[in-house]
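Welcome! Here are some questions a newcomer might ask, each answered by setting a value against its definition.

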Amino acid sequence: MLNRTLLVTCLSALPASWSCGSATPPAAPASASAGANAAANADTPGETAPATGRSVALEDVGLSTAAMDPSADPCVDFYRYACGGWIDQTELPADQPRWSRSFSEIQKRNELLLKDVFERAAADPGDDPITAAIGAYYGACMDEAAIEQHGIAGIEPLLAKARAIKKWKQIGAVITELHRYGIYPAFSPDIDQDFKHPDKITPFLYQGGLGLPDRDYYLADQFAKQREFYAGHVARMMALAGMSEADAKRAAASVMKIETELAKVSKTRVEMRDIPKLYNKIDRSGLAKVVKNIDWDAYFAAQGVPELTDLAVTSIEFFEGLNGLIKRATPRQWSDYLQWVIVRTAAPTLPKAFVDEQFAMRQALTGQKEQQPRWKRCVRATDAALREYTGRKYVEQRFSPQSKQAVTMMIRAISDAFAAELPGYDWMDEQTRAGAAAKRDKMAFLIGYPDEWKTYPFSLDPKTYTENWLAASRYDNQMQWEKTKKPVDRREWNWSAAMVNASYHPLRNTMTFPAGILQPPFFNPDATIAVNLGALGMVVGHELTHGFDDNGALFDADGAMRNWWSDAVAKNFDDKKQCLVDQYNAFEVLPGVHINGQLTLGENIADLGGVKLAYRAYKALRKDAEPVVAGGFTEDQQFFLAVGQTWCSKSTDEIARMLVQIDPHSPPEFRVRGALSNLPEFAEAFDCKPGTPYHPDNVCEVW
Ligand SMILES: [Zn+2]
């Protein structure tokens, strides 16, 4: 499927396959007594709160005492204080490289729900076409006997085309054909709004074609071990796909050659965050000049858009490099590489030997101990292929109007908090302040699920899993390109409604909160305002602040990349950003492994702003209310505990190392520390002495 995350910022960047659940029964939603509701509504008319304030247990407001480590000093290590109990009691599931108290636990519940729905659909599809499609897709994925018997027959026609390459002139045609099926060697398309013309769709072609997580894995000494493992992995996979041992070895060398060459002309992750430099508009004839060695008329015709004229590329250098490489590498090397991309992309749909070998590679990269049970992988695959159907089923069971109402209320309160803060920013001038206010006013939000559910026209066969996957992947590619023929849809959904994540899209100036994340502990209908604002409120504030982070700030209220900042204010903004870059650069994740403050800048700005706005919103909502003391904690303390307990997590050292390299988010512990240590109200709430880690002398503030 297309990678559509070029500009969209997510709350958590972990691919779903790395943050989903284990096979244990669903965790009960955070417990809450009726008293919690009363506490939450203590300010509603008709209810008389005791004059001295209420005192309830921590559990009654939606927090967990057991998750805490009261022996830790909140001023030194608040993350440990809020999460230490959970960290000590929680074992990292063997089939996960990473586990979190919020994302993973919710995902686990969501997956179990979908499993139940999918299993029933597979057993009894009935007359409903949606149930039938889900049942066929999931059923085919679970039918391991049929998969073993089918072997690689599903991809054989594509492999044959790649195998037949004898001359360089055939290379472009095979790349074109694979892209048509949503398999992306060399580069990938991303069909979205034009950076400068929000009313127009401009397809983006961006650097790609790598099998390792990042370009640095091919080039830096520190990844020599993973590189070597990868070369062996390619050879083993190609042997499974039918190559002789000698051919498979040669194929691995071909793959390393081509991918290393592509890596050399690829931008780094930090360079990919330099948005203005990503925007390289090029028309079709310009592209044909840069990449002479691909027949672009044939390419666009195959994607269903023969008339297309305007495009953009992430860098001219990458496409020049690709063009040169088409002739510089041998046709045989290209043939090997293209066969490899087919095999690795299709591997999850192939017999067990492929799946196991692919897991061995994942293990080498992430330290994950065990493969996930098949049903989990099939739940995810079905959700990815048929998200409009699966999202619909999910929403029917797990999305209440109450959640929608609550998150709408939070968005309003947080948006109001942003407006209330604006006049106080003495580093801004009136012109820039007006631009920010306009952007806030126009920011739209999508909650729960799409306005209209789409349907899938392709047919599915419960006996041929690979073909089903190819049909879905091909349709997805086709629908993406189709967008170039239609007006921009600001309310478009690109995710499953069951997804446990949230996002901000700078080109649409729109936030999205799928039903999947509006669950405890992010949102708990029985929790208090302070706790829900500390958990989901921070998420909402985080997404809103993305509109004003280092990249969000490049786009105006309509989503056009346009400089609406005066020079002086932009300079002040730069200083504020630098403060954060320096601060996060100093955070040490593992001995000798530091956060990349530049790579994570946008997310860190969003975390700081998110907590602050959520705090202000909670204070405004509870302004005249009788304070509730829970477990001896003030409401402010409860708010901060909710922030901390939302991010409790564990991971292997391997994935922690990998994420520092590729993830634009800081590790959870530092998301908590960075956001809270820069907010003076935290130090006040826990009475932290100046100079302690959570009350540092040097504080950064952006929004
Ligand atoms: Zn984010």
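Q: Why is the meeting of the D192 and R508 side chains called a salt bridge?
A: In this predicted model, the N to O distance between the side chains of D192 and R508 is 3.2 Å. The rule asks for a side-chain nitrogen of Lys or Arg within 4 Å of a carboxyl oxygen of Asp or Glu, so the pair D192 and R508 qualifies.

Q: How many salt bridges are there between domain 1 and domain 2?
A: The count between these two domains is 2.

Q: Which parts of the chain make up the two domains?
A: Domain 1 consists of 55-90 + 400-451 + 491-685, and domain 2 of 156-350. Their C-alpha centres are 36 Å apart.

Q: How do you know that the two domains touch, and how many residues take part?
A: Contact requires heavy atoms within 4.5 Å. On that basis 19 residues from domain 1 and 18 residues from domain 2 take part.

Q: How much area is buried between domain 1 and domain 2, and which residues of domain 1 supply the most?
A: About 1,600 Å² is buried, with carbon and sulfur atoms giving 59% of that area. On the domain 1 side, L507, M561 and Q661 supply 38% of the area buried against domain 2, more than any other three residues.

Q: What makes a residue pair across this interface count as a polar contact, and how many such pairs are there?
A: Two N or O atoms must lie within 3.5 Å, one able to donate a hydrogen and the other to accept it. Across the interface of domain 1 and domain 2, 9 residue pairs are found in polar contact. On the side of domain 1 that touches domain 2, helix 25 (601-621) and helix 27 (653-662) are the elements that give two or more residues. Helix 27 gives the most, with 3 residues. By class, that side of domain 1 has 9 nonpolar, 7 polar and 3 charged residues.

Q: Why do D143 and K463 form a salt bridge by the rule, and where do they lie?
A: Their closest N and O atoms are 2.7 Å apart. The cut-off is 4 Å, so D143 and K463 pass. This pair links distant parts of the chain, 320 residues apart. D143 is in the loop between helix 4 (129-142) and helix 5 (144-150), while K463 is in the loop between strand 8 and helix 22 (465-482).

Q: Why are strand 9 and strand 10 said to pair?
A: Pairing takes at least two bridges; strand 9 (residues 503-505) and strand 10 (residues 510-514) have 3, in the antiparallel sense, so they pair. One of the partnerships is Y504 with M511 in strand 10. Both strands belong to an open sheet of 4 strands in the order 1-9-10-8, with mixed pairing.

Q: What makes strand 1 and strand 8 edge strands?
A: Strand 1 (9-10) and strand 8 (444-448) each pair on one side only.

Q: Which strands pair with strand 7?
A: Strand 5 (residues 201-207) pairs with strand 7 (residues 310-313) in the parallel sense over 2 bridges. Strand 6 (residues 280-283) pairs with strand 7 in the antiparallel sense over 4 bridges. V313 is the bridge partner of L205, and V313 is also the bridge partner of N280.

Q: Why point out A186 and the bond between P520 and P521?
A: Most residues other than glycine have a negative phi, and most peptide bonds are trans. A186 is not a glycine, yet has a positive phi of about 70°. P520 and P521 are joined by a cis peptide bond, with omega about 5°.

Conventions: Residues are numbered from 1 along each chain as its sequence is written. This is a predicted model: local features need pLDDT of at least 70, side-chain atom pairs count only at pLDDT 80 or more; totals for chains, interfaces and linings use all residues. Side-chain values use heavy atoms; hydrogens and water are left out. Domain bounds come from an automatic or database domain assignment. Buried area is the accessible area (1.4 Å probe) that two parts lose on being put together, summed over both. A polar contact is a pair of N or O atoms within 3.5 Å; within protein, one must be able to donate a hydrogen and the other to accept it, and residues adjacent in sequence count only if both atoms are side-chain atoms. Ala, Val, Leu, Ile, Met, Phe, Trp, Tyr, Cys and Pro count as nonpolar, Asp, Glu, Lys and Arg as charged, and the others, Gly among them, as polar.
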